[in-house]
Amino acid sequence: MRISVDHARCEGHGLCAGQAPDVFDLDDDAQVVYLFEGGTVPPEHLAAARAAVNVCPVAALRELQH
Amino acid sequence: MPRHPDVPAYVPDIYSAQSILDPYPHYAELRQLGPVVWLPKHGVYALPRYAECKAVLLDDKTFTSGEGVGLNPVTNRLSRGTTLNSDGEDHAGRRALVAHRLTPRALRTMTEAVERQAAEIVDAALARRDVDGVDIAEALPTAVVPDLVGWPQEHRKNLLSWGAATFDVLGPLNGRAAAATLRGLGVMRFARGVVRRRSVLPGSMGDDLLGAADEGRIARSECPALMIDYLVPSLDTTLSAIASALHLFATHPGQWQLLKDDPGLIPNAVNEVVRYESPLRAFSRKVAKDTEVAGTALRAGSRVLVLYASANRDALEWEDPDTFDIRRDASRQLGFGRGTHGCAGQGLARLEIQSMLRALVARVEKIVPTGEPEWGLNNIIRRLQRLPLELVPA
Ligand code: HEM
Ligand code: SF4
């Protein structure tokens with residue numbers, strides 16, 4: 001699973017990091033950091049990553065279909 | 001627009017006084033009827049279940065806001081120009097302006113002040129002991145938001161009533177909407193005056209907006225509507241959530257004990273309160289092109305009603321949806337909307353509600369109901385208007 005992050009949209013609500021702290025973090029400017037940028041999410045974090053995509057209140061996260 | 005013959009219909013008026021006071025049985029019947037239900041009284045397709053509400057909110061190209069999110073054509077025309085009622089580029093530009101002072105990052109500098117105010121409010125309430133929970137709920141939003149927006153001191157006492165009116169007129173054209181129309185126009189006239197006279201507080205969000213107009217980034221004529229964007233949806237909604245939290249913890253002492261034992265549950269408790277008693281019951285969208293929802297064909301030009309408050313009680317999505325439990329993961333609730341139009345003020349709302357809960361948990365042993373709570377009548381907002389409580393100090 002790969003995830004695309006729309007940084008223009010992210011408002012730093014941090015719900016993603018709450019669901020999947022091993023996949024998302026917030027930087028000092030409260031912008032989301034995708035810890036596997038450019039790569040795929042390891043299997044053990046898949047469920048949490050999906051939950052994170054699911055809760056982002058402004059839909060800045062998207063699961064890519066490949 | 002005639003309905004599709006296969007779509008079930010629900011005849012009772014979900015905006016009658018009775019339905020507003022007790023909406024959940026109606027929503028349960030709607031969910032039972034199907035994912036798309038025609039409301040003949042209002043000429044819209046209701047979406048009572050979670051999956052369809054979420055899908056529609058995420059597809060803002062097909063389900064648009066630019067021609068209004070209310071249920072009556074008059075308001076839908078009048079409220080153009082706000083962030084709430086716009087699409088595409090127009091929306092993105094307004095949203096960026098409105099949201100940048102409301103993000104959690106921007107709010108960091110305010111956190112301490114808000115927590116201090118919350119503590120003062122709870123201390124004052126404890127000194128009285130017998131209180132109306134609605135007064136406690138009102139105190140923080142009315143202390144924080146008008147200063148942040150930069151609204152001048154004059155007319156501040158009207159803000160709550162103007163806010164309620166602006167929501168009422170977004171409902172169907174019933175008696176409540178008609179009665180609120182004049183007050184709704186009052187807030188628009190006031191916002192225009194504030195922009196014309198530049199009477200916003202220096203350094204406030206309103207001041208920022210006028211600055212953006214000076215620099216030509218937005219038209220000056222857009223400023224009044226954007227001022228309203230900040231103010232109207234920010235008081236009643238948050239007040240509602242704080243009052244509902246007090247009511248729910250008063251009537252669920254076991255949940256209150258859980259919160260006291262583990263204040264780490266506070267952020268999720270906010271989600272669960274907003275799930276269980278969603279302050280904003282529903283808004284609509286206009287269908288921009290022929291499409292389908294859950295197999296039901298919808299023609300361009302028809303309107304769908306996104307029932308946040310029903311989606312949040314959908315048994316297809318939630319286990320025991322009618323049970324209030326702060327331990328469930330409620331972060332995917334739709335009470336703040338979702339996607340492009342997802343609440344721009346949710347960071348501020350969360351900060352206010354969490355601060356109140358933190359102040360209460362630290363100072364209050366028990367919240368005891370001392371009389372019948374009363375719910376207010378508003379076409380859009382679900383909120384208590386009287387909540388007699390005794391606060392027992394810790
Ligand atoms: C518990 C409190 C609150 C609740 C439940 C709430 C709920 C909502 C909902 C459901 C929407 C989505 C509307 C749609 O789908 O069309 C929304 C949008 C919005 N809210 Fe809130 N809100 C709250 C507090 C606030 C506060 C404190 C502010 C501002 C200071 C605010 C400002 C806005 C704005 C500007 C929008 C429009 C966003 C857009 O269209 O892009 N809200 N709110
Ligand atoms: S949940 Fe969405 S808005 Fe919030 S930090 Fe994560 S990506 Fe950004």
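This is a short tutorial dialogue on reading a predicted model.

Me: I'm new to this one. Which residues are closest to ligand 2?

Reply: Keep in mind that the model is predicted. Among the 13 residues that surround ligand 2, the closest are Cys10(A), His13(A), Gly14(A), Cys16(A) and Cys56(A).

Me: And how does that shell divide into nonpolar, polar and charged residues?

Reply: Nine residues of the shell around ligand 2 are nonpolar, three are polar and one is charged. As for where the ligand is, ligand 2 sits in the largest cavity.

Me: What does the protein offer the iron atom of ligand 1?

Reply: A single donor: the SG atom of Cys343(B), 2.3 Å away from the iron. To find Cys343(B), look in the loop between α15 (308-311) and α16 (346-363) of chain B.

Me: Let's turn to helices. Why is helix α11 of chain B described as largely enclosed?

Reply: A residue counts as buried when its relative accessible area is under 20%. In α11(B), residues 205-214, seven of the ten residues are buried, so the helix is largely enclosed by the rest of the structure. The buried ones are Met205(B), Gly206(B), Leu209(B), Leu210(B), Gly211(B), Ala212(B) and Ala213(B).

Me: What covers those buried residues of α11(B)?

Reply: The cover includes four helices of chain B: α5 (88-99), α8 (133-149), α10 (175-197) and α12 (223-251). Just past the end of α11(B) comes Gly216(B), with a positive phi of about 80°.

Me: How should I read a positive phi?

Reply: Here's the general idea: most residues other than glycine have a negative phi. Now for two cases that aren't glycine. Ala30(A) has a positive phi near 55°, and Arg198(B) also has a positive phi, near 55°.

Me: Where do Ala30(A) and Arg198(B) lie?

Reply: Each is in a loop. Ala30(A) lies between β2 (24-26) and β3 (32-34) of chain A, while Arg198(B) is found between α10 and α11 of chain B. Their accessibility is worth a look too: Ala30(A) is buried, with a relative accessible area of 4%, whereas Arg198(B) is partly exposed at 39%.

Me: Back to α8 of chain B. What does Val134(B) touch?

Reply: First, its setting: Val134(B) lies in helix α8 of chain B, and at 4% relative accessibility it counts as buried. Setting aside residues up to four places away in sequence, Val134(B) touches Leu239(B), Arg383(B), Leu384(B), Gln385(B), Arg386(B) and Leu387(B).

Me: How do I compare separation along the chain with separation in space?

Reply: Take the distance between C-alpha atoms and set it beside the count of residues. For Val134(B) and Ser244(B), the count is 110 residues along the chain, and the C-alpha atoms are separated by 9.0 Å. For Leu126(B) and Val304(B), it's 178 residues along the chain and 45 Å between C-alpha atoms.

Me: Is Leu126(B) buried or exposed?

Reply: Leu126(B) is buried, with a relative accessible area of 15%. You'll find Leu126(B) in helix α7 (residues 111-128) of chain B. Not counting residues up to four places away in sequence, its contacts are Arg363(B), Val364(B), Leu391(B), Val392(B) and Pro393(B).

Me: What about His26(B): which residues is it in contact with, leaving aside neighbours within four places in sequence?

Reply: Those contacts are Tyr10(B), Pro12(B), Ile14(B), Gln18(B) and Ser19(B). His26(B) has its place in helix α2 (residues 24-33) of chain B, and at 11% relative accessibility it counts as buried. From His26(B) to His252(B) it's 226 residues in sequence and 24 Å in space, C-alpha to C-alpha.

Me: One last residue. Why does Pro73(B) count as exposed?

Reply: The cut-off for exposed is over 50% relative accessible area. Pro73(B) has 55% relative accessibility, so it counts as exposed. Pro73(B) lies in helix α4 (residues 73-78) of chain B. Between Pro73(B) and Val273(B) there are 32 Å in space, C-alpha to C-alpha, and the two are 200 residues apart in sequence.

Note on methods
Residues numbered from 1 in each chain as written. Chains lettered and ligands numbered in written order. Predicted model: local features only at pLDDT ≥ 70, side-chain atom pairs only at ≥ 80, totals over all residues. Heavy atoms only, no water. Near = heavy atom within 4 Å. 1 Å grid on protein atoms, 1.4 Å probe; cavity = no way out; pocket = protein on both sides within 12 Å on 5 of 7 lines; lining within 4 Å. Sits in = over half its atoms within 2 Å of the grid points. Nonpolar A, V, L, I, M, F, W, Y, C, P; charged D, E, K, R; others polar. Buried < 20%, exposed > 50% of the residue type's maximum accessible area, 1.4 Å probe, protein only. Helix = DSSP H or I, 4+ residues; strand = E, 2+ residues; numbered from the N terminus. Contact = heavy atoms within 4.5 Å. Donors = N, O, S within 2.8 Å, 3.2 Å for Na, K, Ca; no water.
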